[in-house]
Amino acid sequence: MNPNRFSTNTAATDVDAGRRTFLKVATASSAGMMLGVSLDVQSQANNVADTALEYNAFVSITPDNVVRIYIKHLEMGQGVYTGLATCVAEELDADWSQIVCEHAPVDLARYANLLMGQQGTGGSTAMANSFMQLRRAGAATRAMLVAAAAERWQVPANEINVTEGVLSHGNHQASFGELAVDAARQSAPAADTLVLKTPDQFRLIGSETTLRKDVGKHNGTAIYTQDVQLPGMLTAVVAHAPRFGAKVSTFDASTALARKGVHHVFEINSGIAVVADDYWTATKARELLQIEWDEGSAETRSSTTLLQQYRELVETRGAVAEQHGDAAGTLAAASDKMELVFEFPYLAHAQMEPVNCVAQVNEGSAELWYGCQSATGDQRMISLLLGTRPENVKINTVFAGGGFGRRANPQADYVLEAVNIARQIPATPVKLVWSREDDMQGGFYRPAYAHKLSAALDAQGNPSAFQARIAGQSIMAGTSMAAMMVTNGIDNTSVEGLTELSYDVPERQVELHTTDVGIPVQWWRSVGNTHTAFSKEVFIDSLARKAGVDPIEYRLSLLGNNPREAAVLKLAAEKAGWGTRQLPEGWGRGVAVHTSFGSTVAEIAEVSVQGNSFKVERVVAAIDCGIAVNPSIIRAQVEGAIAYGLSAALQDELTLTDGMVDQSNFHNYPVLRMNAMPVVETYILPSNNAPSGVGEPGTPPIAPAVANALADATGQTLTRLPLRLA
């Protein structure tokens, strides 16, 4: 299968991002009001591009007293329906019970991710980019309601109270719904007149009493792509090549077409599409296809061969990603040093709901229904494929059953595949379904890597020079995001976590070998930090053991310039009883700390060992993610991140034999079972800083914490994932 099989040759057309108008009322009618709120978001979000100055429209209120909040990020289990709505409701002073959420439409001008420059969900940015924007949207809405009440009651606006969705002054009282129409006629307040609450005034932010608003998940009525049913809809599956880069040579569909319920079989650029009445019929017909594949350009190397090549590469000098001082010279002259080589396999996303998409293509337009993680990116790719303008592509976003990055593919792989099929059956909705086997054996993966870390040591065993060499595929090269993430041949996602080292080492150098392999790769939960945190934290633990110093004390001695990591590390150590709590015989304890997506997480793992088998018994996590908008969601996210990271630490490994993926489903690529899940305790460092990422930062520290615990219990330094004791 060609990893670029979904690319188009159509010239790019950028979305019109020129709407930079300030405050306006977008809609006002007897049906209620929709407040279009333009905000000075540039001053509120750190490192926001100039394009961040866009319209924002997040709130509508209807006379029946319902406050509807438009969520610009995909709800895929991370809790944006609760967290983002909380920000609006807080400043609006709404009654939480009157809040209803729905996914916002695709509209870059109003719903751009302020940290990404496009409408999309990823990089643990949902709360970080929305916190101030949504609070201001709520505050602006509140001001208009107050102005309407002041006008109706002929009283000063500053004497009106707003509490849980009710405005009052003396004997006057009205709900939001009762004032909705009048409020829509008010001038929207200037952004610089908005007065936001201080943290001590928060009523909802920081509370755990808000209920999740992703309505229907608790009783099975929530709508996912697989639940979408449209009149006349057909179902499609695709026969993909067994090896990446292979193409269809010839095929015979006569037997498949003879099966009852099969409507179409045709070739598309990614394989052979089978379109039928339902999934079962399409799948069984796919098995009847006779396909000859041209494998002249296919990737035929095995993963063991690739990793051997990577190990050889990290023994040689690579492109310099970061350099401070003369690390290479200091290492060459050092009398005492340490070197470790690490290996990381390919990983599948293995989200619970495999990818799927419903598409209907009409003349000059398209409409889609799916869990869309990359809204404007997908819209743009579809418009390029169809030769139409982005605004002619309508995307209806529904819930997604997990993503971990898979649904934010810069190549919009399965989405374009759905459109490619649907456009051959005009005016007919087509639901494309990938089975887990389809995604496991023909999808996109976290790349395999090899690292070599070296340190020169002073008389106290502290590193005076540090060098890291990395070999692996680039995630960003060749994608629409390469210009932003690849500089002088260095894909930042390959080295993040080892560059800008948190520990105080005066001379540092990070080098990269970017390999050319025909395996499709993509970001995976926490991206480059999935491998860099492991090598960094196992390496630093090894240095501590060599120096004969407690691992936490050793880290703290090197974190003088990083008080945030030091504080989180101390909190985790205190809660875990590090140095005070005696472990049972045969147990070990290990620690790791890492900063990613703006948040710092320390995790301490306790393991029990019997022979060459082990179990992770307990994990204590501490996180500094700024203001905790909803502590219960933060704890859930950390627990989920630990479970996800443990799957990779303990068992997940995607291998290839002669270019073909060996694994196919959960029986040979298992995710963590409930009986393997350790007890997890999560502690949140109090903070008044702006919120930072939560969805991903909990994943990177868990594998090195477990490896370090195993080293504590057995003396074995494990440098390959998944972890295996000798």
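I take helices (H or I, at least four residues) and strands (E, at least two) as DSSP runs, numbered from the N terminus.

This is a predicted model, where local features need pLDDT of at least 70, side-chain atom pairs count only at pLDDT 80 or more, and totals for chains, interfaces and linings use all residues. Residues are numbered from 1 along each chain as its sequence is written, and side-chain values use heavy atoms, with hydrogens and water left out.

**Entry: the annotated domain**

I looked up residues 219-297, which UniProt labels "domain: Aldehyde oxidase/xanthine dehydrogenase a/b hammerhead" in an unreviewed entry; such annotations may be inferred rather than shown by experiment. I find 16% helix and 38% strand over this stretch, with the end C-alpha atoms 48 Å apart.

**Entry: H1 against H3**

Next I checked helix H1 (residues 80-92) and helix H3 (residues 126-153), whose axes come within 6 Å and cross at roughly 35 degrees. Here axes are lines fitted to C-alpha atoms over the stretch in contact, and angles run from 0 to 180 degrees between N-to-C directions. Among the residues in contact (heavy atoms within 4.5 Å) are Leu84 and Cys87 of H1 and Phe131 and Leu134 of H3.

**Entry: helix H18**

How far apart are the end C-alpha atoms of H18? They are 18 Å apart, which agrees with the 18 Å expected for the 13 residues (702-714) at 1.5 Å a residue, because the expected span is 1.5 Å times one less than the number of residues. I also note that 10 of the 13 residues of H18 are buried, meaning under 20% relative accessible area with a 1.4 Å probe, protein chains only. Helix H14 (529-547) and strand E26 (599-610) are among the elements covering them. Just after H18, Gly715 takes a positive phi of about 85 degrees.

Technical notes: Buried < 20%, exposed > 50% of the residue type's maximum accessible area, 1.4 Å probe, protein only.
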